[in-house]
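Visitor: Please take me slowly through one part of this model, the place where a run of paired strands and the loops beside them come together, and say how each term is meant.

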Amino acid sequence: MNIKLGAFLVCTSVLSGCSSVSAWQKGTLARPEMTFVPDPLAQRISDHTYFAKEATSSGSSVSGGGCGCN
Amino acid sequence: MALTTAALSLPGMIPKIAQAESSMPEKFTASYRFTEYSEDDQAANTTSTGESVERFDISIHQFSLVAPVSSNVSVNLDASTETLSGASPWYVAEGADGKPVQVMSGATIYEKRDDVSLSANYFHEKARFGLGIARSSENDYDSTSASVNTSVWFNDKNTTVDAGLSFSDDSVSPTQDLSIDPGRVVDEEKDSQSFSIGVAQIVNKTLLVGVGFNYANYDGFLSDPYKLASVEGVAIRDSRPDSKEQYALDFKLRQYVTKYNGAIHADYKFFDNSWGVSSHTVGLGWYQNINTWQLSTSLRWYDQSSADFHRNFFTEERADGYYSSDYRLSAYSALSYKLGLSKTYDFGTLRLSYENYNSGEGTQTDGDLSPGLVDFQSVTVGFDYKF
């Protein structure tokens, strides 16, 4: 796991070295489809369903720590 | 059987991966979603009785309000209520031909779950600080959770670092009549803690990437209070370790394609836990803009290994005493596709989406698939109203 954490930290430091995009150039990036989660409410239901049916929990928080037993 | 859904009340409070353009909301937004979720019947040739059995149908109403209450403080209130009915897998037995067959719970179960969550975010020029609490309740399961999280922006807001902690305290109080099931637990507790960190980076005017890491641990009653496992032909209680650790690493990419006025979504997640389950999740999507309409389509492939103590049925006792035949802990793969349609107006957005999920043999499947694996479809309709 330490190796994976190390790899993660390396990735993040590489990413932070990227070039800068000015605020006025971010119009496209501000579009809804360019967000990581375009519809958070629908995604919540999807995450909840996957949590209840798969062994992998959402990975975003401990919520979903419920039994999900059906 | 009622524990279905228990408490996925906080997602969204801690982003999986930071949003590079997180900022103070300018308007109030009220949202509503209605989802109808329906599992395929348990097929006749997979049940112990040789008859098909209806599995779960769930109806979910979600309400959300995002309220910018001052120039730098925003409050989110979310609530949902859901009703479900159907029969649930109980345990797996060895069929006449040596193949596994699913024994179902028998009676149709009706259940209701309500949850509410409240969070507040304070926005500073270079950072955001958030707090959240959530509560989920069913007649046999309660969960209370809290979270604290932050985003920090660097490099002209081209880089966002997110970090969060969350805690959950859950109680299980099975409702089944003790005279019918004298061996079941009465009141049990479990708690969990989670830590997340993520970085999002704007690479250029049309490309956003992110990487996130999450660690969580669980302590307490982690078995399924209603399920059994067949050991040497005798059905005994589902029994799992009383602690579990897990971590997940995920990557996301969003590429806008100017020529086609659309965007590519590519996601990958690796997950591993101390029960022996590891999984890969791959997502690919395309979002097509057509004037004020948007059509989206996406594929999701999921593949997991089984828990160390999972078998369809056990032909000998295990030294550690842990047994489960829960299909969720089996080795399998699932492929789902989603279609979405939205229409944007001055006042907000109308939304419609559909998902079809099918599970089957996976790369780690060794032997017979669990007969309890589920296929489902769901439809969601809703709107976001800005004012």
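Guide: A residue is called buried under 20% relative accessible area, exposed over 50% and partly exposed in between, with a 1.4 Å probe and protein chains only. On that scale A235(B) is partly exposed, because its relative accessibility is 37%. The model is a predicted one, in which local features need pLDDT of at least 70, side-chain atom pairs need pLDDT 80 or more, and totals for chains, interfaces and linings take in all residues. Residues are numbered from 1 along each chain as its sequence is written, chains are lettered from A and ligands numbered from 1 in written order, and side-chain values rest on heavy atoms, without hydrogens or water.

A235(B) belongs to strand β13 of chain B, residues 234-237; helices (H or I, at least four residues) and strands (E, at least two) are DSSP runs numbered from the N terminus. Beyond its neighbours within four places in sequence, A235(B) contacts Y91(B), L228(B), A229(B) and S230(B), contact meaning heavy atoms within 4.5 Å. The C-alpha atom of A235(B) is separated by 9.4 Å from that of F313(B), although the two residues are 78 residues apart along the chain.

From there we can turn to the paired strands. Strand β16(B), residues 278-290, runs antiparallel to β17(B), residues 293-304, and 12 bridges join the two, where strands pair if DSSP finds at least two bridges between them. Within this pairing H280(B) of chain B stands opposite D303(B) in β17(B). The hairpin of β16(B) and β17(B) has 2 residues between the strands, and N291(B) there takes a positive phi near 55°. β17(B) is also joined by 12 bridges to β18(B), residues 332-345, again in an antiparallel arrangement, and in this second pairing T297(B) has L339(B) of β18(B) as its bridge partner.

The loops beside these strands hold an aromatic contact. Counted over all chains, there are 19 aromatic pairs, rings of Phe, Tyr and Trp (its six-membered ring) pairing if their centres lie within 6.5 Å, stacked with planes under 30 degrees apart, edge-to-face over 60 and tilted otherwise. One of them is the edge-to-face pair of W275(B) and F309(B), with 5.3 Å centre to centre and 70° between the planes. W275(B) sits in the loop between β15 (262-273) and β16 of chain B, and F309(B) in the loop between β17 and β18 of chain B, so the pair ties together parts that are 34 residues apart in sequence. W275(B) counts as buried because its relative accessible area is 5%, and F309(B) is likewise buried, at 3% relative accessibility.

A second aromatic pair, Y385(B) with F387(B), is stacked, at 5.6 Å centre to centre and 20° between the planes. Here Y385(B) is partly exposed at 38% relative accessibility, and F387(B) is partly exposed at 46%. Ring pairs link these two residues with F28(B), Y345(B) and F347(B) into a cluster.

Finally, β18 of chain B leads to the largest nonpolar core, to which it gives two or more residues, as do α2 (40-53) of chain A and β2 (57-68) of chain B. That core (buried Ala, Val, Leu, Ile, Met, Phe, Trp, Tyr and Cys joined through side-chain atoms within 4.5 Å) has 16 residues, and those with the most contacts inside it are I58(B), Y332(B), A334(B) and Y357(B). Apart from it lies another core, of 11 residues, including F309(B), L222(B), V277(B) and L329(B).
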